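Please open the model in your viewer and keep the selection tool at hand, because each stop of this tour begins with something to select.

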Amino acid sequence: MTSGAAATPRELGEELLLLAAYLLSSGRGLFDEPPAYGPLRCADAARRVLGLVERAGIEHPEIHALRAELDELFFGPMGDGNIRELLDLLCERTGALLHESDVIQTSGE
């Protein structure tokens, strides 16, 4: 996935198809892979979705920060960090983002 300018509907559709393929292959892999791979695959899928959100033109500093932290998890130096604690923190921050910001329009508006 490239970064930069907002994606066209076609580009977003292609990225969503690739994401669907990734999720399906990840789901299938769970039967044969070590248990720790599951949380990492889910985190990677979330990272990819946040990239699509940004490419769709939804801008919010917390979205960028969440994706940057996930990028660091996957592309940064391998550390002894606790992935469970990181995911707990990212879940809390994502929940706050959805609850406290205007990035999601409710159907009543």
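Select α2 and α3 first: these two helices (DSSP runs of H or I, at least four residues, numbered from the N terminus) are oblique to each other, and therefore neither roughly parallel (under 35 degrees), roughly antiparallel (over 145) nor roughly perpendicular (65 to 115). They pack at an angle of about 140°, with their axes 9 Å apart, where axes are lines fitted to C-alpha atoms over the stretch in contact and angles run from 0 to 180 degrees between N-to-C directions.

The model is predicted, so local features need pLDDT of at least 70 and side-chain atom pairs count only at pLDDT 80 or more, while totals for chains, interfaces and linings use all residues. Residues are numbered from 1 along each chain as its sequence is written, and side-chain values use heavy atoms, with hydrogens and water left out.

Next, show the side chains where α2 and α3 are in contact (heavy atoms within 4.5 Å): among them are L40, A43 and L50 of α2 and L66, L70 and F74 of α3.

Now add α1, residues 9-29, whose axis comes within 11 Å of that of α2 and crosses it at roughly 175°; α1 and α2 are therefore roughly antiparallel to each other. Here the residues that meet include L12, L16 and L19 in α1 and A45, V49 and L52 in α2.

Finally, select P39, C42, A43, A46, L50, L66, L70, L87, L90, C91 and T94, which line the second largest pocket. The elements giving two or more residues to this lining are α2 (37-55), α3 (61-75) and α4 (83-100), and α2 gives the most, with 5 residues.

Note on methods
On a 1 Å grid over the protein atoms alone, a cavity is a set of points where a 1.4 Å probe fits but cannot get out, and a pocket is an open set with protein on both sides within 12 Å along at least five of seven lines; lining residues have an atom within 4 Å of a point.
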